[in-house]
Amino acid sequence: MLDIKFIRENKDIVQVGAKKKLIDVDIEKLISLDDERLKQLKEVEDLRSEINKVSNDIGIEKDQARRMQLIEEMRLVKEDIKQKEEKLKSITEEWQKIMLKIPNIPSVDTPEGPDDSGNVVLRSWGEKPQFSFAPKEHFELGKSLGIIDTETAADVSGARFSYLKGDLVFMQFGLIQMCLDILNNEEILKNIAEESNISVNPTKFLPIIPPVFIKPIVQTKMARYMTPEEHYMFPNDNLMLIGSAEHTLGSMHMGKIFEEKDLPIRYAGYSTAFRREAGAAGKDTNGILRQHQFDKLEMEVFSLPENGIQEQNFLVAIQEYILKSLKLSFQTVAICTGDMGFPDTRQIDIEIWMPGQNKYRETHSADYTGGFQSRRLNTRVRRSDGKIEPVHMNDATVVAIGRMLIAILENYQQEDGSIKIPEVLRKYMGNKEFITK
RNA sequence: GGAGAUGUGGCUGAGUGGUUGAAGGCACCGCUCUCGAAAAGCGGCAUACCUGAAAAGGUAUCGGAGGUUCAAAUCCUCCCAUCUCCGCCA
């Protein structure tokens with residue numbers, strides 16, 4: 001969330017920012033509510049102060065009669081506090097509700113727009129592959145090769161589940177291993193940064209396998225996928241399944257204060273992601289594009305505020321480096337105000353060209369949330385001058401398994417229905433060249 | 001799942017219901033000493049919020065949430081986590 005002080009001092013910016021994100025909030029109402037809250041808070045604190053003072057006096061008062069009188073007086077003050085506290089509590093609750101609804105403010109370079117039609121292509125890379133035959137969609141290829149089985153999965157688990165089999169499994173782990181090797185190599189990271197003219201520390205990404213369950217209260221602090229319908233809930237255990245490793249990576253340092261010299265901290269988290277896809281009924285129902293369950297390698301970075309944008313650019317550069325290694329044609333897109341995530345101040349997506357579908361499809365996202373999540377999580381940094389402030393947080397996809405497999409299947413398909421394995425992946429797949437029946 | 005124990009500041013570790021936001025130690029920062037370092041000495045060292053231009057003052061926080069009390073780290077209830085033993089298990 002945003003800092004209430006910041007909101008008070010920049011109410012126009014906050015109001016306009018929410019409007020651009022098409023989110024309806026009444027900042028004026030929030031501020032008048034905040035005035036009321038502060039007034040009430042002061043009253044309660046003054047009364048408490050009185051009790052504290054007099055209680056000390058009572059402790060050293062020798063005169064029994066005087067003592068009893070003070071105790072009686074304080075008993076009355078306590079009644080008064082109780083009433084005022086209740087009022088404060090209800091005001092604070094309403095205040096909090098509005099605070100949680102205020103989205104992060106879009107960065108100045110975020111394009112304005114109502115929905116994905118307002119997104120702006122920043123750059124594109126690679127030639128779209130030309131085929132001498134009509135390219136197939138991934139589910140046809142996967143089915144005929146016997147490496148994707150959604151039908152059995154539908155019987156066993158329902159729609160939007162799949163069995164990935166054989167070489168596709170090797171490909172999944174090959175991709176993950178390849179990417180971990182990159183993220184664990186400072187030399188490569190340094191080169192990626194230099195080639196994109198990004199000035200960041202080449203600190204490696206520490207690989208993490210995080211929990212896939214999260215407490216709902218913590219999920220709220222991550223401020224992503226806010227409606228309960230988007231999550232698998234386990235009320236008996238008061239737990240829910242994560243929709244992304246981001247949720248349990250970003251919350252790893254709740255309540256912690258970093259030292260300035262320890263930043264940036266970079267993680268590469270591998271986990272299964274679980275999504276109910278409640279709002280996507282009937283959309284992308286074929287194959288493995290939109291699944292309830294998929295594996296994903298995700299980057300999460302904690303940095304100094306002034307380095308946040310550079311970190312995001314760096315994460316995007318890493319994503320692009322990986323796609324270039326795989327020789328996949330893609331475009332990098334600045335997501336507009338109406339399409340971006342609630343906690344994001346700047347969102348950049350990558351879409352890979354999918355020949356079977358004859359369009360670009362989103363495969364990667366890079367979300368810069370600034371201090372928005374960290375303020376809720378209470379993850380901060382102590383600057384060298386002693387000042388403490390929220391750290392800035394970035395998260396970004398490395399490989400989202402379903403979609404990356406689709407991209408490879410569709411782009412590397414051959415006329416006979418076999419799949420040529422991208423060269424960089426072969427060493428992770430027993431030097432195999434093709435996936436065949 | 002059963003039995004027991006424990007949760008205090010960055011770490012360690014005291015703490016009888018009444019100037020305890022919390023002794024002592026370590027770590028850290030500053031100063032003195034030194035050519036420099038070490039050692040020693042002196043001082044400083046939690047976070048959030050409120051008031052204030054500032055100095056400063058106030059409130060809250062001793063795993064978490066409630067409660068008792070004029071007053072709670074200290075008493076009560078519930079929850080959570082950790083440790084040990086047993087059981088089960090990849």
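Visitor: Of the atoms of RNA strand B within 4 Å of the protein, what share belongs to sugar or phosphate?

Guide: This is a predicted model, in which local features need pLDDT of at least 70 and side-chain atom pairs count only at pLDDT 80 or more, while totals for chains, interfaces and linings use all residues; side-chain values use heavy atoms, with hydrogens and water left out. Residues are numbered from 1 along each chain as its sequence is written, and chains are lettered from A and ligands numbered from 1 in the order in which they are written. Among the atoms of RNA strand B within 4 Å of the protein, the bases supply what remains once sugar or phosphate is counted, and the sugar or phosphate share is 69%.

Visitor: Which kind of oxygen of RNA strand B lies 2.9 Å from a polar side-chain atom of Arg-67?

Guide: A polar contact is a pair of N or O atoms within 3.5 Å. Asn-52 places a polar side-chain atom 3.1 Å from a phosphate oxygen, and a backbone N or O atom of Ile-71 lies 3.5 Å from a sugar or linking oxygen. For Arg-67, the partner at 2.9 Å is a base oxygen.

Visitor: Which element gives the most residues to the surface near RNA strand B?

Guide: Helix 3 (27–60), helix 4 (64–101) and strand 14 (380–382) each give two or more residues to this surface; near means that a heavy atom lies within 4 Å. Helices (H or I, at least four residues) and strands (E, at least two) are DSSP runs numbered from the N terminus. With 10 residues, the element that gives the most is helix 3.

Visitor: What arc do the buried residues of helix 2 cover around the axis?

Guide: Residues three or four places apart in an α-helix point the same way, because there are 3.6 residues a turn. In helix 2 (residues 11–20), Val-14, Gly-17 and Ala-18 are buried (under 20% relative accessible area, with exposed over 50% and partly exposed in between; 1.4 Å probe, protein chains only). They are on the same side of helix 2, because the arc, taken from the directions from the helix axis to the C-beta atoms, is only 95 degrees.

Visitor: Which residues are exposed on the other side of helix 2?

Guide: The buried residues of helix 2 are covered by elements including helix 1 (4–9) and helix 3, where contact means heavy atoms within 4.5 Å. Exposed on the other side are Asp-12 and Lys-19.

Terms used. Polar contact = N/O pair within 3.5 Å; in protein donor to acceptor, adjacent residues only side chain to side chain.
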